[in-house]
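Dear colleague,

I am handing over the structure we spoke about, and below it you will find notes on what was found in it. Please read them with the model open beside you.

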Amino acid sequence: MSRQFTEDAPGAVDVVTDVVTEVRREAALLKTGALQNAIFNSANFSSIATDEKGVIQLFNVGAERMLGYTAVEVVDKITPADISDPQEVIARAKALSVELATSITPGFEALVFKASRGIEDIYELTYIRKDGSRFPAVVSVTALRADHDGIIGYLLIGTDNTARKQAEEALLKAGALQNAIFSSENFSSIATDEKGVIQLFNVGAERMLGYTAVEVVDKITPADISDPQEVIARAKALSLELATQITPGFDALAFKASRGIEDIYELTYIRKDGSRFPAVVSVTALRDAHGGIIGYLLIGTDNTARKQVEAEQQRLDQRLRDQQFYTRSLIESNIDALMATDPAGIITDVNKQMEALTGCTRDELIGAPFKNYFTDPDGAEAGIKQVLSGSKVTDYELTARARDGKETVVSYNATTFHDRDRKLQGVLAAARDVTERKRFERTLQENNVELERAKAAAEKANLAKSNFLSSMSHELRSPLNAILGFAQLINTDSPPPTASQTASIDQILHAGWYLLELINEILDLAQIESGKLALSSEPTSLAEVLLECQAMIEPQGQKRGIKMIFPQSGIPYFVDADRTRLKQVLINLLSNAIKYNRANGTVVVDCVMSTPERVRISVRDTGAGLPPDMLVQLFQPFNRLGQERSAEEGTGIGLVMSKRLVELMGGLIGVESTVGVGSVFWFELNATAERQLIDPAQPAAIAQAQVPSGAPLRTLLYVEDNPANLKLIEQLIARRPDIRLLCARDGSLGIQLARANLPNVILMDINLPGIGGIEALKILREDPATAHIPVVALSANAMPRDIEKGLQAGFFRYLTKPIKVNEFMDTLEVALEFAAQEAVQSK
């Protein structure tokens with residue numbers, strides 16, 4: 001039907017097309033109208049419509065809000081040029097005149113000229129509000145035209161540009177500041193990654209420190225160019241301040257900044273040539289968009305000039321103070337209270353003694369009549385007059401009255417004083433007061449009390465540290481006691497263990513005793529740091545020490561496929577060294593050589609005479625090797641160089657401990673390394689003559705006690721809360737049929753059993769639940785029924801001060817855990833004999 005209609009009425013197609021076009025045009029007009037309404041009614045746009053001459057005809061709510069005028073105040077009255085910055089309008093007219101090669105009049109024409117020529121025009125200018133304030137705006141201008149294309153007006157739509165301008169200015173300022181800082185030779189700007197490795201080293205840093213950026217970027221941290229002692233001191237101070245352990249190194253420099261705490265501090269930088277200079281450093285954490293730390297920025301300034309100025313100022317100040325002190329000392333010779341008056345007797349200056357004498361402040365005294373502070377004002381005034389008449393006053397007695405009514409008899413000496421032109425200035429009077437001497441003595445006594453308190457506090461702090469070390473020693477030794485004790489028991493069981501079992505037990509004992517030595521060494525670290533570690537140096541056979549180290553270290557090397565090559569037995573070298581510490585150094589170097597070696601690598605140990613007086617022991621590995629710049633840092637505290645490329649764990653103190661121990665033994669330690677080849681760690685010790693050494697090893701077998709037939713049954717009371725330790729002693733005492741064993745798990749029960757059974761000997765732990773071992777000993781000593789019983793301490797508290805404290809408390813003997821079985825049995829026998837003698841004497 002549609003086709004037929006088209007053929008029959010060809011003009012109908014045009015009609016339909018016109019209808020569709022009209023519908024679409026009306027829809028577009030509706031959308032356009034909706035958009036116009038949204039703009040005209042928006043409070044976010046200033047919409048200003050004018051007639052063709054520029055007089056405002058429409059002023060929307062956005063314009064009212066931005067400019068402060070109501071529509072009534074501007075419509076048919078002014079043009080947009082009247083609310084614009086006149087200087088900017090003039091400047092715009094000049095610029096457009098040049099741009100368009102035509103003369104444009106300043107005023108509304110300058111705002112709409114381009115739009116009137118059909119040129120799209122969006123520009124910035126400053127609007128002026130009704131209250132006179134100004135704001136930047138972005139204005140879009142459109143010419144309004146009639147159907148015949150004639151201009152009937154203009155539409156100016158504006159937005160407040162304040163926020164963007166402020167942001168742009170802030171960015172410009174920030175950028176300029178950053179560029180100034182990073183480009184300045186007056187600031188050292190050092191940026192690091194999150195681990196502290198330097199990533200940026202500006203020209204200021206190069207100038208101040210003498211390094212080029214190439215020499216430090218991706219190689220070192222700022223801690224490496226800082227005074228190491230100051231870094232350590234800062235770590236300690238921050239650890240106390242923030243109550244958290246802070247490692248010396250870069251962590252100490254950036255810790256506060258990493259926690260969001262503003263941090264500016266002083267420290268000493270070390271230049272490439274080794275010279276030093278004081279610096280003030282500001283540290284900022286650099287964060288990503290999520291707040292995560294991606295690095296740190298350290299901005300430093302050379303503080304040398306300020307320090308020099310301060311030093312010079314201090315010197316001048318000190319000279320002035322010295323001069324003032326000298327002058328005052330001359331004036332106050334043989335006097336206590338000092339006062340100056342003018343010729344009329346009005347006070348012009350006083351010293352502290354005068355303030356104390358009168359109970360008034362210096363400000364209160366100056367300007368007041370001298371006579372007002374004495375019980376006899378007329379006598380005081382007469383004394384002043386006598387001095388002014390030309391007579392010196394000596395031992396002029398007056399009674400001073402203080403604010404609180406206290407009266408003090410003083411003896412005045414007075415004389416006149418003049419300026420350099422010999423013009424009379426007034427009277428200088430000095431009074432002697434014996435009570436001030438007593439006040440000084442009392443102050444001195446108070447200072448001594450404070451000093452004693454400070455000493456007591458220091459002793460308390462040292463005691464707390466010692467208690468901590470003692471507690472740690474106890475906690476580590478207790479489990480070792482069971483391990484070593486039972487291993488010794490198994491070794492003497494009947495039937496005896498097989499050869500294979502004996503070898504395994506020997507390894508357990510060997511490793512256990514060595515672990516005990518390591519525990520002692522860890523506890524000695526504090527003594528090493530304070531320089532108080534005592535060494536037992538003696539002629540030591542290197543052959544024996546190397547053999548022991550080989551037995552301990554070879555299993556570790558075999559697990560990793562490392563071939564261990566030691567010198568052949570019979571090395572004829574003896575060195576003056578502490579045997580235990582020498583083994584510790586060797587084991588540390590050997591362990592490192594295995595840890596950081598390549599797969600199926602080799603470790604070679606060698607001994608040679610480096611000089612006629614010294615023996616050099618070297619440990620060579622086939623690891624990756626270290627570059628020269630890392631070797632410099634190798635013996636620094638807590639340095640774990642090389643471990644970042646390895647899965648090995650470590651404390652970072654092994655090489656430091658080794659270095660200090662070698663130095664304490666009078667030796668020297670060093671390293672040579674080639675990247676890709678390996679490293680050689682060596683140390684030298686003083687050679688010495690051979691001597692017969694006593695074998696320090698623990699006897700492998702425990703002698704079975706021979707008990708005479710018919711021997712009386714004796715009682716041993718063991719007070720111990722650790723089940724493993726109780727079990728160990730039970731098995732030891734089971735070898736002595738003449739001894740009956742009683743056990744108590746705490747101090748209270750131990751006291752009860754002692755009173756009820758009166759044992760021959762008591763074996764007492766120190767750290768017991770409830771009543772401790774020392775307190776229990778005190779209670780037993782105060783009881784006549786138990787006072788005679790010898791009490792032997794058996795404790796993991798093995799510090800020298802612990803042993804001394806125990807013996808002073810009254811223990812018969814003090815044994816430490818882990819126990820050495822033969823030593824324990826010998827001590828028990830001595831205690832039993834002592835108890836038997838006491839029993840005979842009491843009869």
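To begin with one residue, where is the place of Thr-79? Thr-79 sits in the loop between α4 (71–74) and α5 (86–100), where helices (H or I, at least four residues) and strands (E, at least two) are DSSP runs numbered from the N terminus. This is a predicted model, in which local features need pLDDT of at least 70 and side-chain atom pairs count only at pLDDT 80 or more, while totals for chains, interfaces and linings use all residues. Residues are numbered from 1 along each chain as its sequence is written, and side-chain values use heavy atoms, with hydrogens and water left out.

Thr-79 is buried, with a relative accessible area of 16% (buried means under 20% relative accessible area, exposed over 50% and partly exposed in between, with a 1.4 Å probe and protein chains only). Leaving aside neighbours within four places in sequence, Thr-79 is in contact (heavy atoms within 4.5 Å) with Gly-54, Val-55, Ile-56 and Phe-108.

Next comes helix α23 (residues 747–757), whose buried residues are Gly-747, Gly-750, Ile-751 and Ala-754. They cover an arc of only 100 degrees around the axis, which puts them on the same side of α23; the arc is that of the directions from the helix axis to the C-beta atoms. The cover over these buried residues includes β23 (714–719), β24 (739–744), β25 (761–764) and α24 (773–782), whereas the face turned away from the buried side carries the exposed residues Gln-752 and Ala-756. Just after α23, Leu-758 takes a positive phi of about 45 degrees.

The largest nonpolar core (a set of buried Ala, Val, Leu, Ile, Met, Phe, Trp, Tyr and Cys residues joined through side-chain atoms within 4.5 Å) has 41 residues, and those with the most contacts inside it are Leu-582, Leu-590 and Phe-683. Helix α19 (residues 579–595) gives the largest share of this core, 8 residues. Not counting residues up to four places away in sequence, Leu-582 touches several residues, among them Val-545, Met-665, Phe-683 and Leu-685.

Which elements each supply at least two residues of the lining of the largest cavity? They are α15 (377–388), β13 (393–401), β14 (407–418) and β15 (424–432), and α15 gives the most, with 4 residues. A cavity here is a set of points, on a 1 Å grid over the protein atoms alone, where a 1.4 Å probe fits but cannot get out, and lining residues have an atom within 4 Å of a point.

With best wishes
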